[in-house]
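Here are my notes on the structure you asked about, point by point. Keep the 3D view open while you read.

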Amino acid sequence: MDLIEKATVMHYHRHRIAEFQHGTVESLGWRGAHSQQVRYQVLAKVGNLSGKTILDAGCGYGDLKAFLDQHFSGFDYIGIDQMPEFITEARKRYEGIERTTFYQTDFSTAELPQVDYVIASGVLGYRCKDDGFYTAMIGKLYNSARIALAFNMLDKSHFPQHDLLVGHDREEILTLCRVLSPRVECFNDYLEDDFTVLMYRDGIAGE
């Protein structure tokens, strides 16, 4: 993804902030809270995250952290996002909360830490002229995970043409993931235009 494409994404979110107000799920690009939370429910199927280290790539305001707190305990959470507005708000929301850290950085170029689980919700949905960007990013995120990577994408067969967002061929993505991972699971029954992929380091589900 080149600098112009990244700047376009940032402009899009700043426009959404102006339209829907700072701190809302709509400013993150979601249709609403339901759309965001349903995705989290599926991503959380990746394993028992209690006591683990978790990297949230494209964390926005840290909404995933609040969701995980309802279902798991004792985990270390690292959120990264390229939008300074998102990170500023996330740090404000979670100020003083232990084992919770936010960094403003671009996950596509940053050196990612080694963690147990990587979760990426929405970050692979932006249009990019370089088709190899998506496969490279899946590989990069997977390489950061000791146990498993969970990510979602828009489904090309259902998602309409859009100037900024782009759908992907689910079978092509799964073929790539199966080359990288000995165990891959896919869910596509929760929203019409979305699918979630879980990639494990071994053939056994996450702990």
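1. Let's start with a small puzzle: which residue in β7 is the bridge partner of Phe151? The answer is Val197. One thing to keep in mind as you go: this is a predicted model.

2. Phe151 also has a partner in another strand, since you'll find Ala120 standing opposite Phe151 in β5. Now look at the strands themselves. β4, which covers residues 115-120, runs parallel to β5, and 5 bridges join the two. On the β7 side (residues 194-200), the strands run antiparallel, with 7 bridges between β5 and β7.

3. Is β5 mostly enclosed or mostly open? It is largely enclosed by the rest of the structure, because 9 of its 10 residues are buried. Try tracing the chain here too: β4, α5 and β5 make up a β-α-β unit, and that unit is right-handed.

4. On to the empty spaces. Rolling a probe the size of a water molecule over the atoms shows where empty space is left. The largest pocket has a volume of about 740 Å³. Its lining takes in 43 residues, and those nearest the centre are His13, Leu28, Gly122, Val123 and Tyr126. The elements giving two or more residues to this lining are α1 (3-20), α2 (33-43), β2 (76-81) and β5 (145-154). Helix α1 gives the most, with 5 residues. Sorted by class, the lining has 19 nonpolar, 14 polar and 10 charged residues.

5. The second largest pocket holds about 390 Å³ of space. It is lined by 18 residues, with Asp131, Lys156, Val166, Gly167 and His168 closest to the centre. Here the elements that supply two or more residues are α5 (132-143) and α6 (170-180). The lining of this second pocket divides into 8 nonpolar, 5 polar and 5 charged residues.

6. Next, charges. Side chains of opposite charge can pair when their charged atoms come close. The count for this model comes to 10 salt bridges. One of them joins Glu5 and Lys129, at 3.8 Å from N to O. This pair links distant parts of the chain: Glu5 sits in helix α1 and Lys129 in the loop between β4 and α5, 124 residues apart. Glu5 has 11% relative accessibility, so it counts as buried, while Lys129, at 68%, counts as exposed.

7. For a pair within one helix, see Asp69 and Lys65, whose closest N and O atoms are 3.1 Å apart. They are 4 residues apart in helix α3 (residues 63-69), so about one helical turn separates them. Asp69 is partly exposed, with a relative accessible area of 40%, but Lys65 is buried at 5%.

8. A further salt bridge brings Asp155 and Arg170 together, at 2.7 Å from N to O. Asp155 is in the loop between β5 and α6, whereas Arg170 belongs to helix α6, 15 residues apart from it. At 4% relative accessibility Asp155 counts as buried, and Arg170 is partly exposed at 22%.

9. Finally, which residues are linked in a network of salt bridges? Look for Asp63, Glu89 and Arg93.

Notes:
Residues numbered from 1 in each chain as written. Predicted model: local features only at pLDDT ≥ 70, side-chain atom pairs only at ≥ 80, totals over all residues. Heavy atoms only, no water. 1 Å grid on protein atoms, 1.4 Å probe; cavity = no way out; pocket = protein on both sides within 12 Å on 5 of 7 lines; lining within 4 Å. Points joined across faces, edges and corners; volume = space filled by probe spheres on them. Nonpolar A, V, L, I, M, F, W, Y, C, P; charged D, E, K, R; others polar. Buried < 20%, exposed > 50% of the residue type's maximum accessible area, 1.4 Å probe, protein only. Pairing = 2+ DSSP bridges. Right-handed = clockwise from strand over helix to strand, strands pointing away. Salt bridge = Lys/Arg side-chain N within 4 Å of Asp/Glu carboxyl O.
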